[in-house]
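Colleague: I'm new to reading protein models and would love a guided tour. Could you take me through one, a feature at a time?

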Amino acid sequence: MPLDQLSLLTAIALSSAALTITLFVGWLGARHDTYLLSWSSGLLLVVGGVVLYGMLAEGYNATQNFASFALMLAGFACIYAGAIQFRARPLPMAAIAIMGLGLIGLTGVAFLAGLSGLGTIFANLSMALLMALSAYEYWSGRSESRVPMVSNAALYAMSAVSFVLCAAVLVFEQRWTLTAQPRNWAEDINSIVLIVGITGIGAVSLTLNQSRWARHHRREAMTDALTGLLNRRALFGAMDTSLPPGAAVIMFDLDHFKSINDHLGHAAGDTVLAGFAALVRSELRRDDVAARLGGEEFCVVLRDLTKRSAAGVAERIRASFEATRFPTDRGIAETTLSAGVAISGVDGEPFEVVLKRADDALYAAKSAGRNRVHAPAPRLVA
C-alpha cells in the first residue's frame, strides 16, 4: 500500500529548509565560500518546488506541476554548481545556466503539448542527470577526503537512481498524460531516498566544509604568510627525529637586508623575501623542506645529498639571487646572500645538531665577506 506521500514531501521540505538555513548562516560567516550560497540557494528553490508539488494532492493542475518541476530543476542546477565550486574548479556559469534552462524548457514543451506525463518523465530524468553530475564531482574529488567525498557521491547517485525509477514507472505504464499526482512505489522510494539523501548530504557537506577549514587553519599555523614556506615551529615539528645519513641542512641569510627596508621601504623588503622563497622552491625536490626561520633567515633540508651537491644547490641559489633584480615602487631592489652547509653524519644525527653546524658555517661565510657559500667537510659520527 503506498505510503502517505504528503507526509514524505513535508519531511523533504522541512529537512531541506533546515539545511538551507544552516548553509546560509555558514556562508554569512565565510563569504568567500560561495559554494555554501549556491547550496543554500538551490535547496531554497527545491523547497519551493516540493511545496508546490505537495499541493497537487489537493487537486491536480498541470501548470502548477510544471512550476514545481521548474523550481526543483533550478535548485538542483544550483546544487550542481555548488559541487563544482566546492572542488575549487572554475564555474562554467553560462554552461550550467544553459543546461538548466534547457532542461526546464524541454519539460515545459511537453507540458504545453498537453503531455504532462511525458513532461514529468523529462523532469525526473533531468533531475537524475543533475544529481548524477553532482555525484561525479564528489567522486572525482575523493582524494581530498576519501570517506566523506565517496559518501556524498553515493548519496547523490542513490537520489539520481530514485528519480530514474519514477520516470521508468511512468514509461512502463505509458502514462503520457496525467490527471492526478503520480502515486506508486517508485514515488515512495524517491521520497524516502530524498529524505535520507538530503539529511546525509547536508551532514557530510558540513563535515567536509569544517574539515577543510581545519586543514586551512592548520596550514596557516604552520606556514609563513609572506613566503608560503614552513615557519620555524613547523620545521622543527617536521624534523623531530634524527636526520638520515647524507641529509644536508643549508642556512641562508640575505646580506645587508636592513638597508633595503631603510632605503626602499618594508614593502620592497617583502618583495625580496617572497622572491627569494620562490627561487628556493624552484630548486627543491618533493622530499626537500624549506622554511623561513625569521626575518631574512631561511633553512633548507635536502635528503640524500653529498656535501658537494648540497653546496652546489646552495651556490646555484646564491648566484641566481645575486643576478635577480626586484622592481619596487621606490626603485630596483637587489642584494646578495650568504649560506652555510652541514651534512648529517654516517650514522645520522639530530636535526638541531646539524642545524647548529650549518649556522656556524653561515657565520663563517658572513665573516669571510658575505655573498658566498661555506661548506666544511662532513663530520663522521661513530
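**Two helices side by side**

Modeller: Let's start with a pair: the axes of helix 3 (residues 62–86) and helix 5 (residues 116–140) come within 9 Å and cross at roughly 10°. This is a predicted model, where local features need pLDDT of at least 70 and side-chain atom pairs count only at pLDDT 80 or more, while totals for chains, interfaces and linings use all residues. Residues are numbered from 1 along each chain as its sequence is written, and side-chain values use heavy atoms, with hydrogens and water left out.

Colleague: What describes two packed helices?

Modeller: The angle between their axes and the distance between the axes. Axes here are lines fitted to C-alpha atoms, for helices over the stretch in contact, and angles run from 0 to 180 degrees between N-to-C directions. Helices (H or I, at least four residues) and strands (E, at least two) are DSSP runs, numbered from the N terminus. Angles under 35 degrees count as roughly parallel, over 145 as roughly antiparallel, 65 to 115 as roughly perpendicular and the rest as oblique. Helix 3 and helix 5 are therefore roughly parallel to each other.

Colleague: Which residues of helix 3 and helix 5 meet?

Modeller: Contact means heavy atoms within 4.5 Å. On the helix 3 side, the residues include F69, M72, F76 and Y80, and among those they meet in helix 5 are M127, L130, M131 and E137. By class, this contact of helix 3 with helix 5 has 16 nonpolar, four polar and one charged residues. For the classes, Ala, Val, Leu, Ile, Met, Phe, Trp, Tyr, Cys and Pro count as nonpolar, Asp, Glu, Lys and Arg as charged, and the others, Gly among them, as polar.

**Salt bridges**

Colleague: How many salt bridges does the structure hold?

Modeller: A salt bridge is a side-chain nitrogen of Lys or Arg within 4 Å of a carboxyl oxygen of Asp or Glu. The structure holds 14 of them. In one, E137 pairs with R89, and their closest N and O atoms are 2.5 Å apart. That pair links distant parts of the chain: E137 is in helix 5, R89 is in the loop between helix 3 and helix 4 (93–112), and they are 48 residues apart.

Colleague: Are E137 and R89 buried or exposed?

Modeller: Buried means under 20% relative accessible area, exposed over 50%, and partly exposed in between (1.4 Å probe, protein chains only). E137, at 3%, counts as buried, whereas R89 is partly exposed at 37%.

Colleague: Where do R292 and D224 lie?

Modeller: Their side chains meet in a salt bridge (3.3 Å, N to O). R292 is in strand 2 (residues 289–294) and D224 is in the loop between helix 7 and helix 8, 68 residues apart. Both R292 and D224 are buried. N231 also sits in the loop between helix 7 (185–222) and helix 8 (232–238). Leaving aside neighbours within four places in sequence, N231 is in contact with residues including D224 and R292. N231 counts as buried too, at 17% relative accessibility.

Colleague: How many residues apart are R318 and E315?

Modeller: Three, about one turn of the helix, and both lie in helix 11 (residues 307–323). Their salt bridge has its closest N and O atoms 2.7 Å apart. R318 counts as buried at 10% relative accessibility, while E315 is partly exposed at 31%.

**Backbone angles**

Colleague: What sign of phi do most residues other than glycine have?

Modeller: Negative. Yet A88 has a positive phi of about 60° although it is not a glycine. A88 is in the loop between helix 3 and helix 4 and counts as exposed, at 65% relative accessibility. N371 has a positive phi as well, near 50°. You'll find N371 in the loop between helix 12 (351–367) and strand 7 (373–374), partly exposed at 24%.

**The whole chain**

Colleague: How many helices and strands are there in the protein chain?

Modeller: Twelve helices and seven strands. The chain's radius of gyration is 31 Å, well over the 21 Å that the globule rule gives for 382 residues, so the chain is more spread out than a compact globule. That radius is taken over C-alpha atoms, and the rule is 2.2 Å times the number of residues to the power 0.38. Along its principal axes the C-alpha trace spans about 95 × 50 × 30 Å. Buried residues make up 46% of the 382 residues.
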